[in-house]
Each structure stands twice: as C-alpha cells, then as structure tokens.
Amino acid sequence: MDVRALRYFTEVVRQQSFTRAAQKLYVTQPTISKMLRQLEEELGCTLLLRDGRKLHLTDSGQAVYQRGLAILQEFHQLEAEIGDITQLKTGELRLGIPPMVGMQIAGSISAFRRRYPGVELKIAEFGGLTVQQAVLDGSLDIALTALPVDADLPLNTLELMHHPLCVLLPRTAPWLNRTHLGLGELAEHPLLIFNEEFSLNRQLMKAFHRLGLTANIAVRSGQWDFLAAMVQAEMGLAILPEPICQRLDKQSLLWLPLESELKWSLGLIWREGSYLSRSAQAWIACCREHWPDNAPRISV
C-alpha cells in the first residue's frame, strides 16, 4: 500500500472535497482520483460514495480512514526520528576500547559527548583481539585498538597515535645505570606480559620469533596495574607503552626505552564494505579533530 494514497484519501475526507485536497497537497485533482481508485482496487472495496457535492464514507472507508490516520501519524513519527538520527540528535554508538586505552581516548569521548549529547555511547572494554572480532561480527560499530591488524581481515583502519614501548623494571641497583634494553636481553629474564587477547602480546611474540628468541613468560594478565605490581615485587620485567609507565610510581619503578622497531600504535577499526552509522562517522570525525597530525583524510 502506497503511503501517498493513504495521505490523499485522508485529506479528501478531511476536506470533504477532491479539489480542496488537491490544493492542500499541491497535486492535481486527477492525480488524487487516480490514487484513490488504485487504493480501492488494491483493497477490493469502495471507500467513498458521492452524494451530489457531499462525500460519504462506507463502512470500509471509515475503517481505512481511522487506521490510515494512525498509520500516517506513525509514519510522521518515523520521519522525525530519522531526521533526528541524521542530525545526530539521537542514536547509538557501540564502541570497543581495550582497558589500557581508556586514558588515551578520554578526551575525544568527552568532546563527542559534548557535541552529541543525544547519542547513547555504549562502551565495551575487552582486549584488542576481542574488540576486533566484535567489529567483524557486527556487535560493535567501531573500535579503538592496537595496530596493525591482520591484513587479510576485512577491516578499515585509521591510525590516531603511536607511542614507544618501555621495559618496566624494579628500581634496584642492576638497572639504575642502564639507558635502554633490547629483546635479546629480555629473553634472559622472566617476563610479565599481557594475555593472548591483547594485540601487543601478539606483536611481542612475533618480534621474539623473528629474532629466534624464546620468551620466558612468568605471568600473563589483562591488567597493566597488576603487571606493574608484579614488577615492583621483583617477579620479572614487563613491556608496557610509555603513557602507561608515566602513570606509575617513579620512587619504586624504573622504565627504560625498548630497543626495537616495535611501537604502540592505536587507531580505529571498522568493518570494510559495511554500513557505517552516522554516529560512527561522527566519532571518526571527532577523533580526526582530536589528533589532526596523525589522522589523514580517508573516505568512509
């Protein structure tokens, strides 16, 4: 059923005139007559009876008129809601963020909320590989995670920032005069690293493998503060991004640059070739503004 036919029919009844309805709707009278005939043919019943200049509703016409008013009201409401979504007065953004990324993204989240207060922001905190899979299966719209991702995956990526990696050490005599550490030396010590669902874990394991080294993993965890506590307890050494290390206690812990090509790169990922919501597009634009030097213009 054509919504226009319902709109024409209800207006004819309201105006009690084909002519006045045509003027009201800015269409010709023959157009309205044609649409009403098609509506009657589709429903298989007569809706209007003419009595001179008067129009009378049949029983079927009365039912269609009352139901038509309700349908048109719902349609107007739908148009209004779609307009609100288009203008981002309302909507939803399902965003994935690995736990240790929160501090890096807080500023852009705050800016997004101030700009689009009507958009509900649903944040899922999981390791990088978990949020990556959630984007792929459609349960998240977009995610911030460590880059790079597997080149074979159907994902668009946009790098926003990158930071060096550091080796976290207890502030004890053996390390106080050192300026940096390499992966070769780290392989000789117990390592405290993130668990398998974190992208950084995968990058480190690949780096050890390329050098023919075997990492001596003592503890795996998804919590950077727990890893730091284990280092302070002299359980081993940890490899953490520099911004994480900067939050730690300098009186009891020491961090040195990791001598490696590895870096902690963070960026947005979203599914390639799939529909990208208006709220997700707005989030990308907000992130570009927050990191203008690291976020090149790309088509979304």
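User: Let's start with helix α8. What end-to-end span should its 12 residues give, and what do the end C-alpha atoms show?

Analyst: The general idea is to count 1.5 Å a residue and compare that with the C-alpha distance between the ends. Keep in mind that this is a predicted model. For α8, residues 199-210, the rule says 16 Å, and the end C-alpha atoms sit 17 Å apart, which agrees.

User: Which residues of α8 are buried?

Analyst: Here you look for a relative accessible area under 20%. In α8 that picks out Ser-199, Leu-200, Asn-201 and Gln-203, along with Leu-204, Ala-207 and Phe-208.

User: And what happens to the backbone just after α8?

Analyst: Check the sign of phi. Gly-212, just after α8, has a positive phi of about 70°.

User: Zooming out, how many helices and strands does the protein chain have?

Analyst: You'll find 11 helices and 12 strands in the protein chain. For overall shape, compare the radius of gyration with the globule rule: the chain comes out at 31 Å, while the rule gives 19 Å for 300 residues, so the chain is more spread out than a compact globule. The C-alpha trace backs that up with spans of about 105 × 35 × 30 Å along its principal axes.

User: What share of the residues is buried, then?

Analyst: Buried residues are 45% of the 300 in the chain. On the outside, the chain exposes about 15,900 Å², with carbon and sulfur atoms supplying 49% of that.

User: What fraction of the contacts joins residues 24 or more positions apart?

Analyst: Take the contacts with a separation of 6 or more: 74% of them link residues 24 or more positions apart. Arg-271 makes a handy example. Arg-271 lies in strand β12, residues 263-271, and leaving aside neighbours within four places in sequence, its contacts are Val-135, Leu-136, Pro-154, Leu-155 and Asn-156. Its C-alpha atom is also 8.8 Å from that of Asp-137, 134 residues away along the chain.

User: How accessible is Arg-271?

Analyst: With a relative accessible area of 34%, Arg-271 counts as partly exposed. Ala-70, in helix α4 (residues 59-86), is also partly exposed, at 40%.

User: How far apart are the C-alpha atoms of Ala-70 and His-180?

Analyst: Those two are separated by 72 Å, with their positions 110 residues apart along the chain.

User: Last one: how do I read the charges, and how far apart are their mean positions?

Analyst: Average the positions of each sign and compare. The chain has 30 positive and 32 negative charges, and their mean positions are 10 Å apart.

Key. Residues numbered from 1 in each chain as written. Predicted model: local features only at pLDDT ≥ 70, side-chain atom pairs only at ≥ 80, totals over all residues. Heavy atoms only, no water. Helix = DSSP H or I, 4+ residues; strand = E, 2+ residues; numbered from the N terminus. Expected span 1.5 Å × (residues − 1). Buried < 20%, exposed > 50% of the residue type's maximum accessible area, 1.4 Å probe, protein only. Rg over C-alpha atoms; globule rule 2.2 N^0.38 Å. Contact = heavy atoms within 4.5 Å. Areas by Shrake-Rupley, 256 points an atom, 1.4 Å probe, with all protein chains shown as cover. Lys, Arg positive; Asp, Glu negative; His and termini not counted. Charge placed at Lys NZ, Arg CZ, Asp CG, Glu CD.
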